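Today I opened my notebook to look at a ligand and the protein around it. Come along and follow my entries.

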Amino acid sequence: MRREPFGPTGVAVPVVGQGTWNMERDGRAAAVAALRAGLDLGMTHIDTAEMYGSGRVEELVGEAIAGRREQVFLVSKVLPQNASRAGVLRACEASLRRLRTDRLDCYLLHWPGRHPLADTIAAFEQLRREGKVRAWGVSNFGVEEMERAAAIAGAERIACDQVLYHLEERTIEHAVIPWCVARGIAVVGYSPFGSGRFPGPRSRGGRVLAEIAAAHGATARQVALAFLVRAPGLFTIPKAGRAAHVAENAGAGDLALSAEDVRRIDAAFPRGRWRGLPML
Ligand code: NAP
């Protein structure tokens, strides 16, 4: 599993991690087993949020990482409505309790909201000083919002921007990726399989993925994940509640595409025009 420095934290984080949205629906035992299998395969970046299952997903992540916290790069998110200065501190304590840990590796604002960003960042910095979070970042921030955050805190304080990124949604390539990469901020792409809408094998793009996959002894989904992490600074966090899916996704962590592969995928799934920052 290839690892890359996670933005200014410098921590070597696997380029393919594990998402957890809707995991409460998989059943507790299956979800915990899937996450542990992922850890065994090197997918030690686990992405969760207080929002997911209204806290139930953090609880099952806590169960999955019990006894192996040191291995994990643990990320959670505060909801925008809780992102006042006092609200962030309260939300973080609650997340830590559910996750059964004393620290997060990275704490994110889930999306921009009505509380002043300066207050949210002041709380993040307080948590960092107290050792409750090692780093903090944002999610669903476009370049203007990133500029605002950088003006408040300094770009070197922002560990990552977690944004929607899959083959049929490449909008972040226009501005968010270049802005972040230029400043050494990690870009974490979410919903890499389109949140369940992966191109079918008979579609034009699906056929291109299948051909490239066959040449590498890989699968179409592995090729897609490898494309999404094709440059330094890019990370992806597929969600898989089934062991077979977990194993397949982990297999993408060492798949290197050729320049010709990348060119063909680029042509089959065009980037399209800038249409504003998309989010789920
Ligand atoms: P996704 O990862 O694009 O797709 C998940 C779906 O793909 C699940 O139905 C899963 O099935 C299936 N799947 C996974 N691996 C597979 C494989 N190898 N073969 C076939 N099917 C496979 O969707 P997502 O959950 O929306 O996004 C991933 C993560 O990003 C989330 O879980 C969350 O952590 C994060 N996220 C963040 C935001 C944000 O606003 N920051 C928004 C959305 C998502 P099974 O579960 O049955 O295996």
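Entry 1, the shell. I looked up which residues lie around the ligand and found 28, counting a residue as near if one of its heavy atoms lies within 4 Å. The closest are Asp 47, Phe 193, Ser 195, Lys 239 and His 245. I noted that this is a predicted model, where local features need pLDDT of at least 70 and side-chain atom pairs count only at pLDDT 80 or more, while totals for chains, interfaces and linings use all residues. Residues are numbered from 1 along each chain as its sequence is written, and side-chain values use heavy atoms, with hydrogens and water left out.

Entry 2, the classes. I sorted the shell into nine nonpolar, 13 polar and six charged residues. Here Ala, Val, Leu, Ile, Met, Phe, Trp, Tyr, Cys and Pro count as nonpolar, Asp, Glu, Lys and Arg as charged, and the others, Gly among them, as polar. Helix H9, residues 243–250, gives the most to this shell, with three residues.

Entry 3, polar contacts (pairs of N or O atoms within 3.5 Å). I found a backbone N or O atom of Trp 21 at 2.8 Å from a ligand oxygen. The side chain of Asn 140 has an N or O atom 2.9 Å from an oxygen of the ligand. For Glu 248, a polar side-chain atom lies 3.0 Å from a ligand nitrogen. Taken alone, the ligand exposes 910 Å², and the protein buries 89% of that (Shrake-Rupley method, 1.4 Å probe).

Entry 4, the pocket. Where does the ligand sit? I found the ligand in the largest pocket, meaning that more than half of its atoms lie within 2 Å of the pocket's grid points.

Methods: A polar contact is a pair of N or O atoms within 3.5 Å; within protein, one must be able to donate a hydrogen and the other to accept it, and residues adjacent in sequence count only if both atoms are side-chain atoms. On a 1 Å grid over the protein atoms alone, a cavity is a set of points where a 1.4 Å probe fits but cannot get out, and a pocket is an open set with protein on both sides within 12 Å along at least five of seven lines; lining residues have an atom within 4 Å of a point. Helices (H or I, at least four residues) and strands (E, at least two) are DSSP runs, numbered from the N terminus.
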